[in-house]
Amino acid sequence: MSRALKLFLPIASAILFQLAFPPLDLRFCVFICLVPWFFRLSSDTRRGAFGAGYLMGFLIVLAQMFWIIPFVGKWTHSTALSLIPWIIGGLIGAFYFAFTGVLIRSCLLRKMYWAIPLIWAGTEVVRSFMVGLAFPWFIIAMPLGHYPALDQLSFFGTVYLVSAWVVVCNLCVYLLWKDRESLQLKVFGGVAVGMLLLSLAWYMRPVAGHSVRLSVGQPGWDMAFGDPHARDEQIGMRVARLEKQAIDAGSTLLILPEGMAEGRDYPPHPPFPLLSNLPILFGATRGHDPTYQSAVLFRRGQWSFSDKSRLVVFGEYVPGRDYLPFLKNFNLPSGDLAPGEKVTAVSSGGLTVGPMICFEGLFYDIAHRQSENGAQVLAVMSIDDWYMGTAAPEQLSDASAWRAMETGLPVVRAASLGYTLMVDQKGREIGALPLGVSDSLTRDVLVEDKPLKNVARPVFPWAAGLSPFVFGFWFVVERKRKSRSGEGAGTGFLSQ
């Protein structure tokens, strides 16, 4: 393989990967995006596989995290400063793909094709839940959220099981070129079709329940960069109008975004009226040392709350704040929030709602815990205004469909400027508001009295998450054994 072709193949995979995601949304590219990379890995050294994975990963992370530049630029008023976290993110994130490339190369050479979907999905799990750097972003299955009939296996194994299926499809395309007469191609083709048929069958299942009329409000005010002096007046005026719309529509609950009430008092003092005839769920901060980001429910003079347990690094807490003085140049928040001790649901009359505050909407485990809490509806409450004008808000909103499909629960999403929407148990959109408007969305949402639970849902993510370590250990031990017997050439991780 020529040097130019070696360079081209991981770049081609990175381009195809990015084409599948917002803003281009050529979503079915996920089924072929890994194929060029597989060809490079199958004929390369370990060191070359590491480099190819690093190059592909670096390009993918830079493209997927491009929203950091305008976000940090607005925050710090410095383009130069905005480039620093973007580049560092690319340099660090590329290592996931580099190590994955070495493992997949070993599987390709051994024709252990069955292990490759596990390793890829496992790496996605690891980077999604890495302590201190947890960020479930650009999961390969994510673009398929707009085609829920393809994604229903997520109920049994989360979005990461669908990622594994996508990789199986990539392997089928690879084997069509590489070894079309092989038995493994027939086996993998059968597995890919079988998983698709299972998804379609689950998609067509009947759902029984009763209708609940819900309203979700979008204030249409920029909570990130709007005039802070006009904030309370604008929020108060706009939410009062949304409350009237919800009452006129006969809604049983109005759901608003996070950050609707400043201050740390509990009960909070929002800048809008609290009405005895309209239960309302909104976001506020709660408590003094520690302080929590919370979803608070007001109903007939009574309050309940659910604290956010997944915090945004460098947004809601800053690691190394006291030891890295240069961080002050980024105008980071002055005080750290504390994560909630447990995930809790709230009850509004006969309806149990599982709040998920902004960043939490990306995590399957929060939705799963709310399902275990008996939630009948999930409520994602967000402020995406920091990233408006980039592809980030669309990917954040796409996550709502995945949380619905994973749990079998309808999801309502409230955002200050958008995206504000509702999806049903199967991930189908049942209503959405245009970006930037101040308006409410009211729909009759079908909820089940006793939603179907799946306590085994986390099994696949856990198994997949362990697989890169298990296979990595196995391959290292095998190389050492061959080296001692004179069959190999070195025992280092990147040795030839």
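**Exercise 1. Identify which residues of the largest nonpolar core touch the most other members, and which helix gives the most to this core.**

Solution. Step 1: among the 96 residues in the largest nonpolar core, those touching the most other members are Trp-37, Phe-38, Ile-104, Ile-116, Trp-120, Phe-138 and Trp-165. A nonpolar core is a set of buried Ala, Val, Leu, Ile, Met, Phe, Trp, Tyr and Cys residues joined through side-chain atoms within 4.5 Å. Buried denotes under 20% relative accessible area, exposed over 50%, and partly exposed in between (1.4 Å probe, protein chains only).

Step 2: helix 7 (residues 154-178) gives the most to this core, with 14 residues. Helices (H or I, at least four residues) and strands (E, at least two) are DSSP runs, numbered from the N terminus.

Step 3: apart from this core lies another, of 23 residues, including Ile-255, Val-346, Ile-357 and Met-422.

The model is predicted: local features need pLDDT of at least 70, side-chain atom pairs count only at pLDDT 80 or more, and totals for chains, interfaces and linings use all residues. Residues are numbered from 1 along each chain as its sequence is written, and side-chain values use heavy atoms, with hydrogens and water left out.

**Exercise 2. State which residues are in contact with Ile-116, leaving aside its neighbours within four places in sequence.**

Solution. Contact means heavy atoms within 4.5 Å. With those neighbours left aside, Ile-116 is in contact with Phe-38, Ile-104, Cys-107, Leu-108, Val-167 and Leu-171.

**Exercise 3. Describe the span of helix 1 and the covering of its buried residues.**

Solution. Step 1: helix 1 (residues 3-19) has 17 residues and reaches 25 Å from its first C-alpha to its last, close to the 24 Å expected at 1.5 Å a residue. The expected span is 1.5 Å times one less than the number of residues.

Step 2: the buried residues of helix 1 are Leu-9, Pro-10, Ala-12, Ser-13, Ala-14, Leu-16, Phe-17 and Gln-18. Their cover includes helix 2 (35-42), helix 3 (46-64) and helix 6 (115-129).

**Exercise 4. Characterise the packing of helix 10 with helix 11, and of helix 5 with helix 12.**

Solution. Step 1: the axes of helix 10 (residues 364-372) and helix 11 (residues 392-407) come within 10 Å and cross at roughly 45°. Therefore helix 10 is oblique to helix 11. Axes are lines fitted to C-alpha atoms, for helices over the stretch in contact, and angles run from 0 to 180 degrees between N-to-C directions. Angles under 35 degrees count as roughly parallel, over 145 as roughly antiparallel, 65 to 115 as roughly perpendicular and the rest as oblique.

Step 2: the crossing of helix 10 and helix 11 is right-handed. A crossing is right-handed if the near helix is turned clockwise from the far one by less than a right angle, and left-handed if anticlockwise. Here Tyr-364, Ala-367, His-368 and Ser-371 of helix 10 meet Arg-403, Glu-406 and Thr-407 of helix 11.

Step 3: helix 5 (residues 79-110) and helix 12 (residues 459-484) pack at about 65°, with axes 10 Å apart. Their crossing is left-handed.

**Exercise 5. Locate the cis peptide bonds at Pro-267 and Tyr-419.**

Solution. Step 1: the bond from Tyr-266 to Pro-267 is cis, with omega near 0°. Pro-267 lies in the loop between strand 2 (253-255) and strand 3 (280-286).

Step 2: Gly-418 and Tyr-419 are joined by a cis peptide bond with omega about 0°. Tyr-419 belongs to the loop between strand 9 (411-415) and strand 10 (421-423).
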